[in-house]
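Student: I should like to learn how the features of a protein model are read, one at a time. Could we begin with the vocabulary and then turn to the case at hand?

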Amino acid sequence: QVQLVESGGGLVQAGGSLRLSCAASGNIFSIDVMGWFRQAPGKEREFVAAMRWRGDNTYYVDSLKGRFTISRDNAKSAVYLQMNNLKPEDTAVYYCAADRNYNYVRVTRPASYDYWGQGTQVTVSS
């Protein structure tokens, strides 16, 4: 099993920045892909970004690429989401997730991921 714990959320003004962290523990050697998703009230959980646990491939929603950056630190078993120029529409609960098996058609789908964190709230004020 894998345990994921997000942190770094909070309240920020529009135009500000936050960096979310996700610490993984347990059987980290089973992880193939780490991803970030977000869910606003009344909306479906949506894909934000993902990357391979080993390798250089990263994946972004086109509308967020350029503002959000995913990165990792394997030594710390952590993945990060740097969020810049935040907008009120970015307000959501942000989740990190781990997938044991990579497939390019599955990387954006929540159902593809095997483990989830508890989420961290990001609120962007006007």
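Tutor: We begin with secondary structure: strands are DSSP runs of at least two residues in state E, numbered from the N terminus. With that in hand, Ser77 can be placed in the loop between strand S7 (68–73) and S8. Please keep in mind throughout that this is a predicted model.

Student: What is the sign of phi at Ser77?

Tutor: The general idea comes first. Most residues other than glycine have a negative phi. Ser77 is not a glycine, yet its phi is positive, at about 50 degrees.

Student: Is Ser77 buried or exposed?

Tutor: The cut-off for buried is a relative accessible area under 20%. Ser77 has a relative accessibility of 11% and therefore counts as buried.

Student: Which loop holds Asn85, and how is its backbone to be read?

Tutor: Asn85 belongs to the loop between S8 and S9. Here too a residue that is not a glycine has a positive phi of about 50 degrees. As to accessibility, Asn85 is partly exposed, its relative accessible area being 42%.

Student: Let us turn to covalent links. How many disulfides does the structure hold?

Tutor: A disulfide is a covalent bond between the sulfur atoms of two cysteines. This structure holds one. The bond joins Cys22 to Cys96, with an S to S distance of 2.0 Å. The two cysteines come from distant parts of the chain: Cys22 is in strand S3 (residues 18–26) and Cys96 is in strand S9 (residues 92–99), 74 residues apart.

Student: What is the handedness of the link between Cys22 and Cys96?

Tutor: The link is right-handed, with 60 degrees about the S-S bond.

Student: Are these cysteines buried or exposed?

Tutor: Cys22 has a relative accessible area of 0% and is therefore buried. Cys96 is likewise buried, with a value of 0%.

Student: Which strands pair with S3?

Tutor: Among them are S1 and S8. Strand S1 (residues 2–7) pairs with S3 in the antiparallel sense over six bridges. Within that pairing, Val2 has Gly26 of S3 as its bridge partner. S3 and strand S8 (residues 78–83) also run antiparallel and are joined by six bridges. The disulfide cysteine Cys22 takes part in this picture, for it stands opposite Val79 in S8.

Student: How should I describe the surroundings of Trp53?

Tutor: Start from its place in the chain, which is the loop between strand S5 (46–52) and strand S6 (58–60). Next take accessibility: Trp53 is buried, with a relative accessible area of 5%. Then list its contacts, leaving out residues up to four places away in sequence: Trp53 touches Ile28, Ile31, Asp32, Val33, Met34, Arg72, Asn74, Ser77 and Ala78. One of these is Ser77, the loop residue with the positive phi.

Student: How far apart are Trp53 and Lys87 in sequence and in space?

Tutor: They are 34 residues apart in sequence, and their C-alpha atoms are 29 Å apart in space.

Student: May we close with Thr120, and ask which backbone atom its side chain reaches?

Tutor: Thr120 is in strand S11 (residues 120–125) and is buried, with a relative accessible area of 11%. Its side chain reaches the backbone nitrogen of Gly9 at 3.2 Å. Apart from neighbours within four places in sequence, Thr120 is in contact with residues including Glu6, Ser7, Gly8, Leu20 and Tyr94.

Methods: Residues are numbered from 1 along each chain as its sequence is written. This is a predicted model: local features need pLDDT of at least 70, side-chain atom pairs count only at pLDDT 80 or more; totals for chains, interfaces and linings use all residues. Side-chain values use heavy atoms; hydrogens and water are left out. A disulfide is a pair of cysteine sulfur atoms within 2.5 Å. Helices (H or I, at least four residues) and strands (E, at least two) are DSSP runs, numbered from the N terminus. Buried means under 20% relative accessible area, exposed over 50%, partly exposed in between (1.4 Å probe, protein chains only). Two strands pair if DSSP finds at least two bridges between them. Contact means heavy atoms within 4.5 Å. A polar contact is a pair of N or O atoms within 3.5 Å; within protein, one must be able to donate a hydrogen and the other to accept it, and residues adjacent in sequence count only if both atoms are side-chain atoms.
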